[in-house]
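Q: I should like to learn how the features of a structural model are read, one at a time. May we work through an example together?

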Amino acid sequence: MIEKNNSSDGPLLKVKGLRKHFPVRRGFLQRIKGWVKAVDGVDVDIFRGRTLGLVGESGCGKSTIGRLILKLLEPNEGKILYKGRDISGMTQNEVKPLRKEMQIIFQDPFGSLNPRMTVGQSIEEGLRTLGVKNHGERKVRVSQLLEMVGIAPEAADFYPHEFSGGQRQRIGIARALSVEPSLIVCDEPVSALDVSIQSQIINLLKELQNRLGLCYLFISHDLNVVGYMSDTVAVMYLGHIMEYAAADELYDHPLHPYTLALLSAVPSPDPDHRRAQPVLMGDVPSALNPPPGCKFQGRCPLVEDRCRRKEIEVYQVSPEHQVRCWKVA
Amino acid sequence: MMLSIQDLKVYFFSDGRVARALDGVSYEARKGETVCLVGESGCGKTVSVLTILRILPQPPGRIMGGKVLFNGQNLLDLNEEEMQKIRGRRIAMIFQEPMTSLNPVFTIEDQIEEAILVHEKVDIEEARQRCIQLLKDVGIPSPEERLRDYPHQLSGGQRQRVMIAMALACNPEIVIADEPTTALDVTIQAQILNLFRELKQKREMSLLYITHDLGVVANIADRVYVMYAGVIAEQGEVAHIFHHPRHPYTQGLLASLPNRVKRGKTLHSIPGTVPNPAYKPEGCPFHPRCPDVIGTCRVQFPEMCDYGGGHLSRCPVLYER
Ligand SMILES: Nc1ncnc2c1ncn2[C@@H]1O[C@H](COP(=O)(O)OP(=O)(O)OP(=O)(O)O)[C@@H](O)[C@H]1O
Ligand SMILES: Nc1ncnc2c1ncn2[C@@H]1O[C@H](COP(=O)(O)OP(=O)(O)OP(=O)(O)O)[C@@H](O)[C@H]1O
Ligand code: SF4
Ligand code: SF4
Ligand SMILES: [Mg+2]
Ligand SMILES: [Mg+2]
């Protein structure tokens with residue numbers, strides 16, 4: 001049914017200088033009191049058949065990037081090149097033919113499935129937008145899609161609430177696949193699932209990727225899951241990509257003080273590797289009116305005057321490795 | 001023994017169905033020990049805690065049997081008045097979402113001082129000093145300035161610290177923490193876990209820590225109970241459980257953990273789903289998902305098998321192999 005994409009060289013999706021600032025309004029007149037710099041100049045590439053992992057603490061801007069790429073939000077600045085064409089300036093009408101090529105899977109598939117539609121009807125909707133007009137053909141495709149994600153085809157006649165969390169996530173995946181996308185933004189797709197169900201869904205996503213040549217933007221705060229899923233990983237902090245590298249490179253040779261802190265905070269499932277962790281102090285700061293200079297300065301153990309003076313640039317330390325910190329570069 | 005629940009059975013009766021949430025659960029926490037209770041959603045972790053504290057919603061819940069021994073006394077025999085002297089005072093409680101346990105219209109000071117004053121006869125100035133000291137102990141920066149804050153003015157991590165301060169306010173003998181870091185970022189979780197470790201050393205209290213995160217378990221537990229569908233599947237010292245798991249469920253859970261070293265290989269996964277407690281399978285509750293299942297597993301409820309050194313597993317099949 002869905003053709004495997006041939007892996008040509010260029011990235012399927014290229015994001016350049018992407019910015020999204022949300023105004024914060026207060027008081028009776030709803031005057032703008034400041035800006036949340038949710039995404040503040042982001043460059044990433046996503047290749048065919050590959051996974052880009054996006055990690056970082058709550059509020060750092062991961063979901064906003066996902067929504068910008070899908071054009072559910074308009075950026076303030078920057079380019080989103082899909083197959084070489086800039087979609088950031090396109091109107092909703094112009095972008096419509098591309099809609100089905102990019103899909104999203106959420107943490108809570110409940111929120112994205114219409115509770116009053118049967119699972120079959122939800123999936124059929126996607127097929128209709130694809131232009132599958134024949135009712136019988138749609139029914140057959142629904143069964144195929146459900147089987148592909150490991151759900152009995154009879155389930156098409158049931159409603160979302162009749163399924164467990166893991167099953168609903170499978171249905172969410174089936175629905176995303178119904179329009180034969182090339183790119184899927186997976187926004188915390190396994191975060192709400194139990195370990196035993198989580199590994200089932202992870203395997204399913206990987207298998208579908210291999211079979212269909214799908215390209216994933218995989219958003220998660222779980223470094224173990226991201227490390228398993230991703231070919232390349234971007235570590236985000238307050239709207240900036242702090243470190244961007246091939247997955248093995250990032251886990252074996254992390255450079256940025258924030259990456260180091262994140263990695264050391266992940267509890268290892270081995271009681272022999274228990275450590276009184278060198279814990280990152282302080283809270284996750286708000287993205288509202290961040291100070292000039294490095295966004296990590298407030299929690300960085302290596303901070304110096306220079307970090308506070310001006311914007312920190314991105315250093316290319318090797319072909320596969322970028323870091324936004326002058327001290328470690 | 002500080003706290004010991006024995007053969008606890010709790011069922012829920014609703015819509016003409018019976019959900020056997022706890023099907024004969026026994027676990028214990030000794031003085032100064034950190035015990036982790038780990039298991040997937042719906043296996044009965046929270047219900048066991050609600051039963052210990054006697055705050056189980058009844059109906060629909062009903063205690064069908066068993067004991068909750070706290071320093072030898074069966075809490076299930078106490079009346080509400082007697083229970084109030086224990087709950088929050090000798091046994092303290094920390095929940096996952098502090099916002100639901102903190103009162104949004106009172107300041108941090110009001111809430112902690114109240115926790116102190118309810119249980120002890122001290123004057124307000126002393127209560128205030130104690131309150132500041134507690135906030136310091138749990139790592140709240142400049143606590144004097146935080147006293148007047150309302151819960152919504154604090155970050156999630158700080159709220160959880162305030163909850164811990166409240167729990168510690170009357171020097172409990174045991175703290176029960178139900179998923180206290182599940183809603184927090186990893187860096188904040190690491191801070192809270194460190195805090196628990198420190199506090200335990202200083203205060204010699206016992207900690208019953210509930211989580212579904214095996215990484216957290218490996219990090220703080222002295223001993224572990226692995227629960228599945230309302231029964232204890234395996235128990236033992238943390239090193240035994242992680243290095244020599246003896247129950248197919250524990251083995252499956254550990255093998256399913258993703259990490260970047262496993263990339264490119266199919267992850268191990270446990271097929272199927274956790275059973276609904278109203279429709280639990282006959283025999284071993286894990287048998288429909290078990291790779292080692294044999295005929296008797298489908299009809300006979302498995303006994304605990306003793307591997308020595310406090311390591312027990314409810315799987316006779318692997319034991320006899
Ligand atoms: N529509 C909006 N209006 C105003 N602020 C917003 C809006 N959407 C997001 N934000 C803010 O932008 C920042 C980034 O949010 P985002 O949802 O992208 O974070 P995230 O990394 O996905 O976090 P989480 O891990 O909690 O999902 C946050 O500070 C958030 O409050
Ligand atoms: N108020 C209730 N009414 C009916 N059934 C209930 C009620 N509370 C709990 N149960 C049942 O008891 C079982 C155990 O629930 P419990 O909350 O203890 O699970 P848990 O192990 O704490 O899970 P989680 O990790 O999701 O918190 C559940 O399967 C649920 O069906
Ligand atoms: S630029 Fe300075 S503050 Fe930022 S990460 Fe590097 S050393 Fe730390
Ligand atoms: S008793 Fe049987 S079904 Fe249960 S865990 Fe052991 S082998 Fe598996
Ligand atoms: Mg998000
Ligand atoms: Mg619970």
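Q: Is B:Val18 buried, partly exposed or exposed?
A: This is a predicted model. Residues under 20% relative accessible area count as buried and those over 50% as exposed, with partly exposed in between. B:Val18 has 34% relative accessibility, so it counts as partly exposed.

Q: Which residues form a nonpolar patch on the surface with B:Val18?
A: The partners of B:Val18 in this patch are B:Phe13 and B:Met64. Together the three residues present about 220 Å² of accessible area. B:Val18 itself belongs to strand E2 of chain B, which covers residues 17-29.

Q: What is the order of the strands in the open sheet of chain B?
A: The general idea is that strands of a sheet pair through backbone hydrogen bonds, in a parallel or an antiparallel manner. In chain B, four strands form an open sheet in the order E2-E1-E4-E5, and the pairing is antiparallel. E2 and strand E5 (73-74) of chain B each have a single partner strand and stand at the edges, so one side of each lacks a neighbour in the sheet.

Q: How many bridges join strand E1 and strand E4 of chain B?
A: Eight bridges link E1 (residues 3-14) with E4 (residues 61-70) of chain B, in the antiparallel sense. One residue pair illustrates bridge partnership with E4(B): B:Val10 has B:Ile63 as its partner there.

Q: Where does B:Pro59 lie, and what is the peptide bond that leads to it from B:Gln58, cis or trans?
A: B:Pro59 is in the loop between helix H1 (45-52) and E4 of chain B. The bond from B:Gln58 to B:Pro59 is cis, with omega near -15°. The peptide bond from B:Pro59 to B:Pro60 is also cis, with omega near 5°, and B:Pro60 is found in the loop between H1 and E4 of chain B.

Q: What is the phi of B:Arg54, and what is that of B:Ala229?
A: B:Arg54 is not a glycine, yet its phi is positive, at about 60°. B:Arg54 lies in the loop between H1 and E4 of chain B and is partly exposed, with a relative accessible area of 26%. B:Ala229, likewise a residue other than glycine, has a positive phi near 45°. B:Ala229 sits in the loop between strand E9 (223-228) and strand E10 (231-237) of chain B, and at 8% relative accessible area it is buried.

Q: Which residues surround ligand 4?
A: The shell includes B:Cys284, B:His287, B:Cys290 and B:Cys297. By class, six residues of this shell are nonpolar, two polar and one charged.

Definitions and conventions
Residues are numbered from 1 along each chain as its sequence is written. Chains are lettered from A and ligands numbered from 1 in the order in which they are written. This is a predicted model: local features need pLDDT of at least 70, side-chain atom pairs count only at pLDDT 80 or more; totals for chains, interfaces and linings use all residues. Side-chain values use heavy atoms; hydrogens and water are left out. A residue is near a molecule or strand if one of its heavy atoms lies within 4 Å of it. Ala, Val, Leu, Ile, Met, Phe, Trp, Tyr, Cys and Pro count as nonpolar, Asp, Glu, Lys and Arg as charged, and the others, Gly among them, as polar. Patches are made of residues with over 30% relative accessible area and no salt bridge: like charges are joined within 9 Å, nonpolar side chains (Val, Leu, Ile, Met, Phe, Trp, Tyr) within 5 Å. Accessible areas come from the Shrake-Rupley method with a 1.4 Å probe; for residues, only the protein chains shown count as cover. A salt bridge is a side-chain nitrogen of Lys or Arg within 4 Å of a carboxyl oxygen of Asp or Glu. Helices (H or I, at least four residues) and strands (E, at least two) are DSSP runs, numbered from the N terminus. Buried means under 20% relative accessible area, exposed over 50%, partly exposed in between (1.4 Å probe, protein chains only). Two strands pair if DSSP finds at least two bridges between them.
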